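Biologist: I would like a close look at a single part of this model, and then a short account of how other parts of the chain are built. To start, which residues lie nearest the centre of the second largest pocket?

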Amino acid sequence: MTAAANSTPTTSLTDAPVLPDTSVLTDAPVVQNYLGQHYLGNTPATAPAGERVLCAMSGGVDSSVTAALLKDAGYSVVGAMMRFWPDDKRVDTFDTCCSPDAAYEARRVAEQVGVPFYLLDYREQFQRHIVGPFLEEYAKGRTPNPCVNCNTKVKFDELVKKAKMLGCRYVATGHYVKRVELPDGEVQFHRGDDPRKDQTYFLWGTPRDALPFILFPVGELEKPRVREIAEERGLLTARKPESQNICFVPGKVQDFVAEHLPQASGFIREISSGEVVGDHLGTQFYTLGQKKGMGLYQSHRVRHIVHLDPATNTVWVGDYEDCLWTDLKAETPNYLLDLADLPTELDVQVRYRTKPVRATVIRADETGFELRFAEPQFAVAPGQSAVLYNGSQLLGGGLIADHTRVLPVLPA
């Protein structure tokens with residue numbers, strides 16, 4: 001096969017945001033309807049005639065199967081992909097998801113499933129809500145999670161608005177989250193059935209009034225089963241690998257930050273004494289709990305970063321015990337239930353890959369919340385999300401605020 005035959009026609013995607021509806025491919029295998037009670041639980045499995053749903057398609061297997069299951073259930077599905085990549089896209093960015101190639105694959109899957117496909121231009125919003133704040137947080141000595149911002153500010157804010165403009169009642173995504181509708185009509189988000197893939201951590205900022213209009217067709221499936229369904233249907237994304245890195249960052253985060261934030265040399269100091277134990281090129285290159293790559297004068301000593309102070313351009317280090325926290329404060333909260341119903345005792349997860357821990361609510365209001373851990377927690381990093389749960393139910397969350405530390409008095 002020639003090189004031309006292997007090339008991906010991405011230019012037409014950006015020039016033509018709306019693609020026509022097509023019929024299901026004639027050679028697609030016939031399979032049973034997977035959108036029954038067994039898989040979707042409380043997600044409306046029988047759609048009223050003409051009920052429209054906007055399906056967010058990333059070009060990956062999860063959103064591909066999502067579109068197929070919805071179509072099987074009788075929904076009027078509109079496939080859409082949000083364009084984030086700039087015209088001058090750099091090498092090694094936006095490669096697996098949200099890329100020109102992914103847009104082509106999403107369009108092909110839409111053709112296989114038999115739904116129309118839109119490419120929506122969200123470049124400006126992505127820069128404003130995701131890339132800009134990502135760098136601003138590092139400049140403040142924090143450790144941001146851009147995927148939380150992307151879901152909160154773009155996918156479940158801008159996309160819900162777009163769905164309404166297109167006459168769609170629902171937005172559906174391939175997140176591994178369970179949507180539970182109670183008898184009184186209240187909708188809750190719960191952890192997905194696949195504990196390795198659960199993505200509720202990223203959705204704490206979803207506007208509460210948007211919950212009834214969001215569907216998660218794969219929330220009660222495990223990843224291997226999703227791939228099996230894609231294989232059975234002959235979807236071209238069935239074996240596509242998952243994206244792991246931050247989509248807009250080429251290579252290491254530290255290198256990306258170095259390109260955009262000026263370096264400024266400063267001291268690394270011991271938290272117990274104020275002694276200078278090393279030099280650094282900027283607090284933005286470090287994160288709470290870090291113990292490698294610091295360039296300390298005495299490299300044999302195991303030290304952890306326990307505090308970052310951009311105001312004085314100082315990195316403070318100490319023992320492991322100095323990086324244990326008994327409580328946390330969170331700001332910019334979002335609650336998915338009435339504050340009066342927030343449990344006094346709950347679970348909190350402070351990083352995506354860490355286990356939730358028990359905590360007591362000391363304060364919770366519209367400005368933020370304070371929690372006390374049942375056991376001290378290591379490296380509770382400002383800028384990360386503190387996500388609240390009652391068992392499997394997602395209750396909301398907030399951004400971990402800067403810690404207040406008692407620092408040694410330094411000589412004038």
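Modeller: What follows starts with that pocket and then moves along to a cavity, an annotated site and several single residues.

The model is predicted, so local features need pLDDT of at least 70 and side-chain atom pairs count only at pLDDT 80 or more, while totals for chains, interfaces and linings use all residues. Residues are numbered from 1 along each chain as its sequence is written, and side-chain values use heavy atoms, with hydrogens and water left out.

Rolling a probe the size of a water molecule over the atoms shows where empty space is left. The search uses a 1 Å grid over the protein atoms alone: a cavity is a set of points where a 1.4 Å probe fits but cannot get out, and a pocket is an open set with protein on both sides within 12 Å along at least five of seven lines. Lining residues have an atom within 4 Å of a point. Grid points are joined across faces, edges and corners, and a volume is the space filled by probe spheres set on the points.

The second largest pocket has a volume of about 350 Å³. Its lining consists of 21 residues, and those nearest the centre are Asn149, Lys153, Trp204, Thr332 and Leu399. At least two lining residues come from each of helix H6 (123–139), helix H7 (146–165) and strand E13 (324–335). Helices (H or I, at least four residues) and strands (E, at least two) are DSSP runs, numbered from the N terminus. By class, the lining has nine nonpolar, eight polar and four charged residues. Here Ala, Val, Leu, Ile, Met, Phe, Trp, Tyr, Cys and Pro count as nonpolar, Asp, Glu, Lys and Arg as charged, and the others, Gly among them, as polar.

Helix H7 also takes part in a cavity. Two cavities of 30 Å³ or more are counted, and the second largest of them has a volume of about 30 Å³. Val160, Ala163, Cys168, Arg169, Tyr170, Val171 and Phe213 form its lining, with H7 and strand E5 (170–172) each supplying at least two of the residues. This lining divides into six nonpolar, no polar and one charged.

Next comes the annotated site. The unreviewed UniProt entry has a "binding site" annotation that covers Ala56, Met57, Ser58, Gly59, Gly60, Val61, Asp62, Ser63, Met82 and Gly174; the positions are in the numbering used here, feature names are shortened, and annotations may be inferred rather than shown by experiment. Among these, glycine 59 lies in the loop between strand E2 (52–56) and helix H4 (61–72), and glycine 60 is found in the loop between E2 and H4. Buried means under 20% relative accessible area, exposed over 50%, and partly exposed in between (1.4 Å probe, protein chains only). Glycine 59 counts as buried because its relative accessibility is 1%, and glycine 60 is buried because its value is 16%. A contact means heavy atoms within 4.5 Å. Leaving aside neighbours within four places in sequence, glycine 59 is in contact with Ala102, Glu105, Ala106, Thr237 and Lys240, and glycine 60 with Thr237 and Lys240.

Two residues concern backbone angles. Most residues other than glycine have a negative phi. Asparagine 313, however, has a positive phi of about 55°; this residue lies in the loop between strand E11 (304–309) and strand E12 (314–318) and is buried at 16% relative accessibility. Alanine 379 has a positive phi near 55°, lies in the loop between strand E16 (368–378) and strand E17 (385–390), and is buried at 6%.

Histidine 403 lies in the segment after strand E18 (393–400) and counts as buried at 13% relative accessibility. Not counting residues up to four places away in sequence, histidine 403 touches Leu288, His307, Trp325, Val380 and Pro382. Its side chain reaches the backbone oxygen of valine 380 at 2.5 Å.

Isoleucine 268, in strand E9 (residues 266–270), is buried with a relative accessible area of 0%.

As for the whole protein chain, there are nine helices and 18 strands. Of its 412 residues, 52% count as buried.

Conventions: Polar contact = N/O pair within 3.5 Å; in protein donor to acceptor, adjacent residues only side chain to side chain.
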